[in-house]
Amino acid sequence: MIRIAIGEDHQSLIDGIALLIRDEAHIQLICSATNGLELVQAVRKHQPDVIITDIRMPKMDGIQATEIIKKEFPEIAVIAFTMFDQQDAVQQMLDAGASGYILKNSSLQTLKKAIETVAEGTPFFDSQIELNNFEDDHTATSKNGLLTKRQLEILRLIAHGKTSREIADELFIGVHTVDTHRKNMMRILELKGKGELLRYALDRKYDF
């Protein structure tokens, strides 16, 4: 049984998803929320297997909600279900910990397939999304299970004194994406000071 939660500020869409899975014996909707804050609270209470969440919601957006949920419950899979197909939106949700990304103009059958796929531990991305480097970034982690391959690449370049702009140019990604990875690595590695990430990279230059 795949137990799911939905974070969506349009009740009609929640009802549509509920209708889709009503006759699915292996999928059960256990809770829903119309804003990000309520979603976090509902997940803490019910601890579903899979979360389907919009990005733009009142009180707390889906990105922040996903970050909080994944920090507290790393085993829960999160699917972004949104109208935004911009690279930054995809990147931010993936950096927050989402393992699926579906556009709202996709069929509900695609959403059902996404639920089943991420529940098995495999990422699922809408065919309309141009993945570029995204899939490599988020489907393979480092040997210690903390940082992704992309984050390790960035850490190596930081150790060699590269700026965010130089890293972005070398990896063919945006400066904002590099800065987001820096921020996430600081959080994951529990580093605080401005120069701590560089110090960490230099100390472990030959370990990754």
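User: Which residues of helix H9 are buried?
Analyst: Start with the terms. A helix is a DSSP run of H or I with at least four residues, a strand is a run of E with at least two, and both are numbered from the N terminus. Buried means under 20% relative accessible area, exposed means over 50%, and partly exposed lies in between, with a 1.4 Å probe and protein chains only. In H9, the buried residues are Thr177, Val178, Thr180, His181, Asn184, Met185 and Met186.

User: What kind of model is this?
Analyst: Residues are numbered from 1 along each chain as its sequence is written, and side-chain values use heavy atoms, with hydrogens and water left out. Local features need pLDDT of at least 70, side-chain atom pairs count only at pLDDT 80 or more, and totals for chains, interfaces and linings use all residues, as this is a predicted model.

User: How far does H9 reach from its first C-alpha to its last?
Analyst: H9 has 14 residues. The expected span of a helix is 1.5 Å times one less than its number of residues. For H9 the expected value is 20 Å, and the reach is close to it, at 20 Å.

User: Which residue just after H9 takes a positive phi?
Analyst: Look in the loop between H9 and H10. The residue there is exposed, at 64% relative accessibility. Its phi is about 60°, although it is not a glycine. The residue is Glu190.

User: Which residues form a positive surface patch?
Analyst: A patch takes residues with over 30% relative accessible area and no salt bridge, joining like charges within 9 Å and nonpolar side chains (Val, Leu, Ile, Met, Phe, Trp, Tyr) within 5 Å. Lys and Arg count as positive, Asp and Glu as negative, and His and the chain ends are not counted. A charge is placed at NZ of Lys, CZ of Arg, CG of Asp or CD of Glu. The patch is made of Lys71, Lys183, Arg187 and Lys192.

User: Is Lys183 buried or exposed?
Analyst: Lys183 is found in helix H9, residues 175-188. Accessible areas come from the Shrake-Rupley method with a 1.4 Å probe, and for residues only the protein chains shown count as cover. With a relative accessible area of 58%, Lys183 is exposed.

User: How many salt bridges does the count come to?
Analyst: Side chains of opposite charge can pair when their charged atoms come close. A salt bridge is a side-chain nitrogen of Lys or Arg within 4 Å of a carboxyl oxygen of Asp or Glu. By this rule, the number of salt bridges is nine.

User: How many residues apart in sequence are the parts that Glu8 and Lys104 tie together?
Analyst: Glu8 and Lys104 form a salt bridge, with the closest N and O atoms 2.9 Å apart. Glu8 sits in the loop between strand E1 (2-7) and helix H1 (11-21), and Lys104 in the loop between strand E5 (100-103) and H5, so the pair ties together parts separated in sequence by 96 residues.

User: Is Glu8 buried or exposed?
Analyst: Its partner Lys104 is partly exposed, at 24% relative accessibility. Glu8 has a relative accessibility of 2%, so Glu8 counts as buried.

User: Which residue forms a salt bridge with Glu116?
Analyst: Both partners lie in helix H5, four residues apart, about one turn of the helix. Glu116 is partly exposed at 24% relative accessibility, whereas the partner is buried at 13%. The N to O distance is 3.5 Å, and the partner is Lys112.

User: Which residue just after H5 takes a positive phi?
Analyst: H5 covers residues 108-119 and has twelve residues. It reaches 17 Å from its first C-alpha to its last, close to the expected 16 Å. Just after it, with a phi of about 90°, comes Gly121.

User: How far apart are the closest N and O atoms of Arg199 and Glu196?
Analyst: Both residues lie in helix H10 (residues 196-203), three residues apart, about one turn of the helix. Arg199 is partly exposed at 46% relative accessibility, and Glu196 is partly exposed at 29%. Their salt bridge has its closest N and O atoms apart by 2.3 Å.

User: What is the distance in space between Leu20 and Leu108, C-alpha to C-alpha?
Analyst: Leu20 is in helix H1. It is buried, at 15% relative accessibility. Leu20 and Leu108 are 88 residues apart in sequence, and their C-alpha to C-alpha distance is 7.0 Å.
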